[in-house]
Amino acid sequence: MFILELEPVFNNEGAEQSFEYLCDMSDYNYNGGYPFENPVKVEGIVINSTDIVTVKAKACFTLCLSCDRCAGEFVRDFTVPVDHTLVTHVEDETNDELIVIDSYRYDIDPLVKEDIILSLPTKVLCKDGCLGICAQCGKNLNAGPCECKKATDPRWDALSMFDPAEN
Ligand SMILES: [Zn+2]
Ligand SMILES: [Zn+2]
C-alpha cells in the first residue's frame, strides 16, 4: 500500500507531486519461483497539466531467474514504465487508458504491481542464443559441447565412412 494525497494536484492546474517508495513483491510467484528478492524501487510524479492529471513513474527491480532453456540461474535488471491518466469519473467507459480513482487518497500500489506483472516476459532465456541442455546426457551446452553430440551428428557418421582406419 502506498497512499498519494491527490487533492492538491487535482485542484491546482500546473501542480506537481513527486513520490518514491519501495514496493514489496517478495510473495509474487513467477515461473515457479519467487524472483523478487529485493523490493521494487518506484519513483514518479503526478502532474496536473491543463486539468489533466497524469502519473509518470518507473519501477526498477532485479530478478533472480532460471533460464527456460538451460535452467541456469541468472539475474536481470528491469525498468517498467507506469504511465497513466487519472480521473475522478469517466464519461467514456470504453477508454481503459484512464484510471478512475474513487478517492483523492489514492493507493497507487495495486496499479504499479499490475503494470509490473503485465510486463514480465512469459519466457526467459539466460542470454540470446542460449544453447540449452543436451537431451541425452543433460549437459549444459553453454559450457561446451558434450560427448554424445559427435555420435548423433550425421555429418560425423558420413566422415567416419571415409576413415582410413576402418578399412
Ligand atoms: Zn540458458
Ligand atoms: Zn550430450
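**Exercise 1. Strands β4 and β5**

Work out how β4 and β5 are joined in this predicted model: how many bridges are there, and in which sense do the strands run?

*Solution.*
- Step 1. Count the bridges. There are 14 between β4 and β5.
- Step 2. Read the direction. The two strands run antiparallel.
- Step 3. Pick out a pair of partners. L65 faces F74 in β5.
- Step 4. Look at the connection. β4 and β5 make a hairpin, with six residues between them. In the turn, A71 has a positive phi of about 70°.

**Exercise 2. Strands β3 and β4**

Find which residue of β4 is the bridge partner of V46, and describe how β3 and β4 pair.

*Solution.*
- Step 1. Take the pairing. β3 and β4 are antiparallel and share nine bridges.
- Step 2. Find the partner. V46 is matched by V55 in β4.
- Step 3. Examine the turn. Two residues separate β3 and β4 in this hairpin. T50, in the turn, has a positive phi of about 45°.

**Exercise 3. Aromatic rings**

Classify the ring pair F36 and F61 as stacked, tilted or edge-to-face. Then do the same for F61 and F78.

*Solution.*
- Step 1. Choose the two quantities. A pair of aromatic rings is described by the distance of the centres and the angle of the planes.
- Step 2. Recall the cut-offs. Centres must lie within 6.5 Å; planes under 30 degrees apart are stacked, over 60 edge-to-face, and the rest tilted. By this rule there are six aromatic pairs.
- Step 3. Apply the rule to F36 and F61. Their centres are 5.3 Å apart and their planes stand at 40°, so this pair is tilted.
- Step 4. Place these residues. F36 sits in the loop between β2 (16-23) and β3 (40-49). F61 belongs to strand β4 (residues 52-66). The pair links distant parts of the chain, 25 residues apart. Both F36 and F61 are buried.
- Step 5. Apply the rule to F61 and F78. Here the centres are 5.4 Å apart and the planes at 10°, so the pair is stacked.
- Step 6. Place this pair too. F61 is in strand β4 and F78 in strand β5 (residues 73-87), so the contact ties together parts 17 residues apart in sequence. F61 and F78 are both buried.
- Step 7. Put the rings together. Ring pairs connect Y28, F36, F61 and F78 into a cluster.

**Exercise 4. The zinc ion (ligand 1)**

Name the protein donors of the zinc ion (ligand 1) and explain why their arrangement is tetrahedral.

*Solution.*
- Step 1. List the donors. They are C67 (SG), C70 (SG), C126 (SG) and C130 (SG), 2.3 Å from the ion.
- Step 2. Follow them along the chain. The spacing is C-x2-C-x55-C-x3-C.
- Step 3. Test the angles. Four donors are tetrahedral if all angles lie between 85 and 135 degrees. The donor atoms subtend angles of 107 to 112°, so the arrangement is tetrahedral.
- Step 4. Check burial, which means under 20% relative accessible area. C67 has 4% relative accessibility, so C67 is buried. C70 has 7%, so C70 is buried too.

**Exercise 5. The zinc ion (ligand 2)**

Repeat the analysis for the zinc ion (ligand 2): which residues are its protein donors?

*Solution.*
- Step 1. List the donors. C134 (SG), C137 (SG), C146 (SG) and C148 (SG) lie 2.0 to 2.3 Å from the ion.
- Step 2. Check the geometry. The angles among the four donor atoms are 106 to 117°, and the site is tetrahedral.
- Step 3. Read the spacing. In sequence it is C-x2-C-x8-C-x1-C.
- Step 4. Compare C134 with C148. C134 is in the loop between α2 (109-119) and α3 (148-152), while C148 is in helix α3, 14 residues apart. Both C134 and C148 are buried.

Key
Residues are numbered from 1 along each chain as its sequence is written. Chains are lettered from A and ligands numbered from 1 in the order in which they are written. This is a predicted model: local features need pLDDT of at least 70, side-chain atom pairs count only at pLDDT 80 or more; totals for chains, interfaces and linings use all residues. Side-chain values use heavy atoms; hydrogens and water are left out. Donors are N, O and S atoms within 2.8 Å of the metal (3.2 Å for Na, K and Ca); water is not among the atoms, so sites may look incomplete. Four donors count as tetrahedral if all angles lie between 85 and 135 degrees; four count as square planar and six as octahedral if opposite donors are over 155 degrees apart and all others between 65 and 115; anything else is irregular. Buried means under 20% relative accessible area, exposed over 50%, partly exposed in between (1.4 Å probe, protein chains only). Helices (H or I, at least four residues) and strands (E, at least two) are DSSP runs, numbered from the N terminus. Two strands pair if DSSP finds at least two bridges between them.
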